[in-house]
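User: Can you walk me through this model? Short answers are fine.

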Amino acid sequence: MKIGDLARETGVSRRLLRYYEEQGLLRPRRLPNGYREYAEADVAGVRHIRAMLAAGLPTAVIARLLDCVHDDDSERMVPTGCPGMVTDLRHEQQRIADEIDRLRTSQEALDSLLTSALGGNADPRSEPAPNRSRGQIGLRS
DNA sequence: TTTCTCACA
DNA sequence: TGTGAGAA
């Protein structure tokens with residue numbers, strides 16, 4: 001199938017499908033006219049890519065893990081297991097945990113600043129944010 | 001319709 | 001990570 005067909009079947013834009021190829025996530029063969037020719041299995045492949053991206057995995061890792069999963073009867077992505085797969089996933093798990101720690105530290109610093117700014121108000125996150133939308137888009141009439 | 005590339009958020 | 005535009 002051509003790129004437009006795959007885009008229609010998966011709901012992923014043609015532009016994004018080309019981007020996935022560029023990142024090594026899809027390997028369509030080429031027709032003599034240069035057009036990409038995708039296999040039926042690429043429909044599931046795109047679903048797997050979306051699922052892994054949603055799990056926070058970077059494309060470089062997804063490229064390695066893509067051959068380590070398959071679909072069960074109900075189109076659920078299940079790992080088949082590859083050497084290094086668990087290591088990769090654990091590493092990503094740790095990276096995300098570190099990122100959460102970093103964000104929590106930022107949040108605490110901002111909470112502290114806001115607490116000072118509000119003069120000791122109990123919960124710095126309870127104060128409504130200032131309304132910056134007035135006089136901007138969407139209000140013409 | 002599709003390709004590729006550059007620029008950008 | 002993902003998009004838009006432009007030229008072929």
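**Core and DNA surfaces**

Analyst: The largest nonpolar core has eleven residues in all: Leu6, Leu17, Tyr20, Leu25, Leu26, Tyr38, Val46, Ile49, Met52, Leu57 and Ile62. A nonpolar core is a set of buried Ala, Val, Leu, Ile, Met, Phe, Trp, Tyr and Cys residues joined through C-beta atoms within 7 Å. Buried means that 20 or more other C-beta atoms, placed from the backbone, lie within 10 Å of the residue's own.

User: Which helices each supply at least two residues of this core?

Analyst: Helix 2 and helix 3 (41-54) do, and the largest share, three residues, is from helix 3. Helices here are DSSP runs of H or I with at least four residues, strands are E runs of at least two, and both are numbered from the N terminus.

User: Before I go on, what are the ground rules?

Analyst: The model is predicted, with local features needing pLDDT of at least 70 and side-chain atom pairs counting only at pLDDT 80 or more, while totals for chains, interfaces and linings use all residues. Residues are numbered from 1 along each chain as its sequence is written, and chains are lettered from A and ligands numbered from 1 in the order in which they are written.

User: OK. What is Leu17 in contact with, leaving aside neighbours within four places in sequence?

Analyst: Ile3, Leu6, Ala7, Val12 and Leu26. Contact means C-beta atoms, placed from the backbone, within 7 Å.

User: Now the DNA. Which residues surround strand B?

Analyst: DNA strand B has Lys2, Ile3, Gly4, Arg14, Arg18, Gly34, Tyr35 and Arg36 around it. A residue is near a strand if its C-beta atom, placed from the backbone, lies within 6 Å of it. Helix 1 (3-10) and helix 2 are the elements giving two or more residues to that surface. By class it has four charged, two polar and two nonpolar residues.

User: And which are around strand C?

Analyst: Around DNA strand C are Ser13, Arg15, Leu16, Tyr19, Leu53, Pro58 and Thr59. Helix 2 (residues 14-22) gives the largest share of that surface, three residues.

User: Any annotation on record?

Analyst: An unreviewed UniProt entry lists residues 1-68 as "domain: HTH merR-type"; such annotations may be inferred rather than shown by experiment. That span is 56% helix and 6% strand, and its end C-alpha atoms lie 24 Å apart.

User: How many helices and strands does chain A come to?

Analyst: Five helices and four strands, in the order α-α-β-β-α-α-β-β-α from the N terminus. Chain A has 141 residues, of which 11% count as buried.

Conventions:
Ala, Val, Leu, Ile, Met, Phe, Trp, Tyr, Cys and Pro count as nonpolar, Asp, Glu, Lys and Arg as charged, and the others, Gly among them, as polar. A residue is buried if 20 or more other C-beta atoms lie within 10 Å of its own, exposed if 12 or fewer, and partly exposed in between; C-beta atoms are placed from the backbone. Two residues are in contact if their C-beta atoms, placed from the backbone, lie within 7 Å.
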